[in-house]
Amino acid sequence: LAGDATFANGRIGALQIEGWMNIQKFGAVQGVDATTEIQNAINRTEFLYAIGYDYRYTTLAVPASLKFIGAGKKKTRLRTTNLTGDKISITANGSHSVIFADMEFGTIGTQTGGSYLKFDSATTQLQSPLITGCNFISPYIAIYLANCGQFKLNGNYFVTYVNAGVIIDNTIEPDSGDSSIDGGNVFDAGGDTGDAIVQIASGGLRVVNNKFLNGAYHYRSAFNSSPNTSILVWTANSSEQARVANMAFTATSPTTFSYANIAGGNQFSVRDGATGVLVNDPGHNFLSSCNIGGNIFNLASNATAMNIGRLQNSTIGRNTIIGNGTGETGLITGANSSGLKISQQTMISVATEYSLLGGYDITDWEVESGNQTGSTSNAFGSHYITPTIAVTFAKAYPIAPKVQATTVNSNGGLTSLVSNVTTSGFSLNIVGVNSAVTVTSNWTATL
């Protein structure tokens, strides 16, 4: 290692790390176009680094293995003057190793197309690219991952993207991947448009411990592949203020997707009129074997926590849903959903808690019970009966429960008559032998 020197005039001498090449050694100069110099460096060495805050370029190509590192997000910046096409195209195949680390990607002008980093292996999927500790400032698309497997994005910052932060589209092996977006990535669209993550094809995607802000969607599937794609794990993420939906699922026929697990401490802050988890109905069965549970939804006015349009053979476990009593909806299921297992949700100040259609079973719902008393003041054949007692459940059910009532055999109590059972309560009359005595009935309500 031959260290840099910072001179009295503030200029920095070029650092040389043993085995690595500094782009300055190839003539790259800050503040002017250095496309040729940086491309020459990429062509000459697999190990490349840069120190400097304003290296400019138009387009670059990475045809083989490359490890390109900077001195930190605020110390190394690459800015492109290409506003429409892909900026850095990575076409390395197979086992080639590609790493970008500790630098900032920016633009000179407003981006209207293309990606800062476009991974597009033409013949075999690129294995295990790593992007870590990088800033992506005002891209049209920050990273487009076509035909990549086992990629890893961690500790990156995506801000004010026009179209998307990350697009995943492994068309070569659509059910291969085992990739991860984790370790504190931050996505902030800065406005009401732009999608943080778009998944078209690539199996085994894990999205863990990230922060999402603003934009239209924080995760949006647009599944379209053959064979099909499967496995999404979404855990311990904070997702706030998406304009349309925090997470949304759809697919192009006949593509299907299975095994999405949205569980384990996710926090969704859902904007007014938006939806936390939205499963669309594209006209065919496309999503199955999923689990949504253990999440917290904070709803603004007229927001919906979960709108499940078309979902098959899946579990909606326990979630906590908090509103302010102004037009919110907790859980909606559509007529074309089937095979759902729905647990009781914890609802706090939610205007409409449930709107359930389609095929579903209610599981592990809390049993409510109580007792009622009344006086047998009215004749009832050869016996006597109480006036109708209106019983209100402490918490409304999503569908009318089964109510069983048992008369206490004291004071001549005989039987209990249950009628008019709704999601919010029922009517009860108690029959006894004697007139004008107090009789008691114990009841339970179950789904």
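This report covers two paired strands, the nonpolar cores and the cavity of a predicted model.

## Strand 14 and its partners

Strand 14 spans residues 141–146, and 6 of its 6 residues are buried. On one side of the pairing list is strand 10 (residues 115–120), which runs parallel to strand 14 and is joined to it by 5 bridges. Within this pair, Asp 120 stands opposite Ala 146.

Strand 14 is also joined to strand 18 (residues 164–169), again in parallel and through 5 bridges. Here Ile 143 of strand 14 has Val 166 as its bridge partner in strand 18.

## Strand 34 and its partners

Strand 34, residues 304–308, is mostly covered, with 4 of its 5 residues buried. Strand 30 (residues 275–279) runs parallel to strand 34, and 4 bridges join them. Strand 37 (residues 329–333) is likewise parallel to strand 34 and is joined to it by 4 bridges.

Asn 307 takes part in both pairings: Asn 307 is the bridge partner of Leu 278, and in strand 37 the bridge partner of Asn 307 is Ile 332.

## Nonpolar cores

In soluble globular proteins, nonpolar side chains tend to be buried together. The largest nonpolar core in this model has 97 residues. Phe 119, Ile 143 and Phe 249 have the most contacts inside this core. A second core, separate from the largest, has 7 residues, including Ile 141, Ala 146, Val 198 and Ile 200.

Ile 143 therefore has two roles in this account, as a residue with many of the contacts inside the largest core and as the bridge partner of Val 166. Leaving aside neighbours within four places in sequence, Phe 249 is in contact with residues that include Tyr 219, Phe 223, Leu 232, Val 277, Leu 278 and Phe 286. Polar residues are also on the contact list of Phe 249, among them Ser 221 and Asn 280.

## The cavity

The count comes to 1 cavity of 30 Å³ or more. The largest cavity has a volume of about 50 Å³. Its lining is made up of Phe 249, Ala 260, Ile 262, Val 279, Leu 287, Cys 290, Asn 291, Ile 292 and Leu 311. Two elements give two or more residues to this lining: strand 28 (257–263) and strand 32 (291–293).

By class, the lining divides into 8 nonpolar residues, 1 polar and no charged. Phe 249 belongs to the lining and is in contact with Ala 260, Ile 262, Val 279 and Leu 287, which are lining residues too.

Notes. Residues are numbered from 1 along each chain as its sequence is written. This is a predicted model: local features need pLDDT of at least 70, side-chain atom pairs count only at pLDDT 80 or more; totals for chains, interfaces and linings use all residues. Side-chain values use heavy atoms; hydrogens and water are left out. Buried means under 20% relative accessible area, exposed over 50%, partly exposed in between (1.4 Å probe, protein chains only). Two strands pair if DSSP finds at least two bridges between them. On a 1 Å grid over the protein atoms alone, a cavity is a set of points where a 1.4 Å probe fits but cannot get out, and a pocket is an open set with protein on both sides within 12 Å along at least five of seven lines; lining residues have an atom within 4 Å of a point. Grid points are joined across faces, edges and corners, and a volume is the space filled by probe spheres set on the points. A nonpolar core is a set of buried Ala, Val, Leu, Ile, Met, Phe, Trp, Tyr and Cys residues joined through side-chain atoms within 4.5 Å. Contact means heavy atoms within 4.5 Å.
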